[in-house]
Amino acid sequence: MAKASLGLYVVFWLAVPLLAACSSGGNNPPTPNVAASAPCLVSQTQTPPPAPAPGPPQGLSLRLEQVNSAVSLVFPLFLASPPGDNARIFVIEKRGTVQILNRDTGTLVSTFIDISPLVSTGGEQGLLGFAFDPQYATNRRFYLSYTDTNGKSVIARFLADPNNPNQALPTADHIILTVSQPFSNHNGGMITFGQDGFLYIGLGDGGSAGDPGNRAQNLSDLLGKLLRIDISQSGPPPLAAYTVPPSNPCVGQPGVRSEIWSVGLRNPWRFSFDRLSGDLYLADVGQRDREEVNLSPLGSGGGKGINYGWNVLEGTICFPLGASCSSAGLTQPVVEYDHGSGCSITGGYVYRGSAIAALQGTYFYGDFCTSFIRSFRYVNGQVTQHFNWASLNPGENITSFGEDNQGELYVMTAQGGLYRIVLN
Ligand SMILES: [Ca+2]
């Protein structure tokens, strides 16, 4: 893709934050830290991480192998495989389509579904998330997360065609959740199931810049949060669209949305659970200074009741830059970087594949703007082996990572690239 086009992508992705940078001076009063004092929240102490070192570790050499050499993809931004399916990868395109590719040959199997008439695709809007039901093999259910034509965030349940596994039924089986968005950016949109069988949903702070409505710290608002809901019994009325697990942190608190799992997020574009350990790795896109990876081990609750800080903190510094603030009760990231090396973090996955044994337990993440790919391991509560992989930089805007059924990892770009991380 031409550099001019690449520049346009960067401009649209960043337009609002950059505009905001001009108006957020250092004289603002300290932001009230509303949520930190809420009784249902807990804090988690983090150790500052080492700076990334040039890779590779142990002489390991990696490269990106293009998967879609024979297939043109339009702004792919997510990928998944049905549980137990080693033959197919399902690639999500921003415009509202899901394409099935043969995992080994990279050829197009079929267009699984096209909901583009339902989707707003401007800026950060679009078909943003996708998840297979853990029982997909028997119930044919999958979930799409998209921006609807009114600009609202929607989570909807769809069904695969009972007579054709490469085709979905075109109409939503059921709408699970609809959330109004005051601005068009920071929609989050990631959805995934945890090991507990519940659906986790990442929602941004509603957009504009600086979280002008202080939504991320407002426990009566779903925006700027990670949600956890139970959709195993979901159905059309009189059934509930979803229920709240009784073990959610704020259940029973007056004036608090019980769907909340974690708070204080700006735009949790991509998060994931380590499929082996269940630990939560959550990347939050920063405003103008810091990009961050948050890590909440399953043994510490996996993010339960954690306040990740926005918009009191941006990364580990007070927001806006130069303001005074209290970080009491706030959980800081395990990794952050400033805008000297990137501008918009794309969270990835912990490698649990079998093709590259030396990468077992290694978490990969990247940056949309500068296209770097870095990795680290989290051992005994410490970030270690934090590397920058120059050989993995695609030179294109990294929209997402993906993990197939075997645990192999992929990288997708706004320019249409779909790559697998392989040994060189
Ligand atoms: Ca944070």
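**Exercise 1. Four strands form an open sheet: work out their order and the sense of their pairing.**

Start with the order, which reads E16-E17-E18-E22, with antiparallel pairing. Strands here are DSSP runs of E, at least two residues long, and helices are runs of H or I, at least four residues long, numbered from the N terminus. Two strands pair if DSSP finds at least two bridges between them.

This is a predicted model, in which local features need pLDDT of at least 70 and side-chain atom pairs count only at pLDDT 80 or more, while totals for chains, interfaces and linings use all residues. Residues are numbered from 1 along each chain as its sequence is written.

Next, look at the edges. E16 (270-273) and E22 (335-338) each have a single partner strand, so one side of each has no neighbour in the sheet. Neighbouring strands in this sheet are turned by 10° against each other on average, direction ignored; the axes behind that angle are lines fitted to C-alpha atoms.

Now zoom in on one pair. E16 and E17 (residues 280-284) are antiparallel and share four bridges. Put your finger on Arg270 and you'll find Ala283 of E17 opposite.

**Exercise 2. Trace the open sheet of five strands and say which strands stand at its edges.**

First, the order: E1-E26-E25-E24-E23, with mixed pairing. E1 and E23 (345-350) are the edge strands, each pairing on one side only.

Then check where the mix comes from, pair by pair:

- E1 (residues 53-54) runs parallel to E26 (residues 382-388), and two bridges join them. Ala53 has Phe387 in E26 as its bridge partner.
- E25 (residues 373-379) runs antiparallel to E26, with five bridges. Here Val379 faces Gln382 of E26.
- E24 and E25 are antiparallel too, over four bridges. Phe364 sits opposite Ser375 in E25.

Finish with the turn. E25 and E26 make a hairpin with two residues between them, and Asn380 in that turn has a positive phi of about 50°.

**Exercise 3. Find Phe368 and decide: is this residue buried or exposed?**

Go to the loop between E24 (363-367) and E25, where Phe368 is located. Count the C-beta atoms: 24 others lie within 10 Å, so Phe368 is buried. The cut-offs are 20 or more other C-beta atoms within 10 Å for buried, 12 or fewer for exposed and partly exposed in between, with C-beta atoms placed from the backbone.

Now see what comes near in space. Thr346 is 22 residues away along the chain, yet its C-alpha atom is 6.3 Å from that of Phe368.

**Exercise 4. Which residues have the most contacts inside the largest nonpolar core?**

They are Leu79, Phe90, Phe130, Tyr410 and Val411, in a core of 105 residues. Such a core is a set of buried Ala, Val, Leu, Ile, Met, Phe, Trp, Tyr and Cys residues joined through C-beta atoms within 7 Å.

Take Phe130 as your example. Skipping neighbours within four places in sequence, Phe130 is in contact with Phe78, Ala80, Phe90, Ile92, Val98, Phe142 and Leu144. Contact means C-beta atoms, placed from the backbone, within 7 Å.

**Exercise 5. Describe the protein chain as a whole: how many helices and strands does the chain have?**

There are two helices and 29 strands. For the extent, the C-alpha trace spans about 60 × 60 × 45 Å along its principal axes. For burial, 49% of the 424 residues are buried. Last, of the contacts between residues at least 6 apart in sequence, 60% join residues at least 24 apart.

Conventions. Contact = placed C-beta atoms within 7 Å. Axes fitted to C-alpha atoms, helices over the stretch in contact; angles between N-to-C directions.
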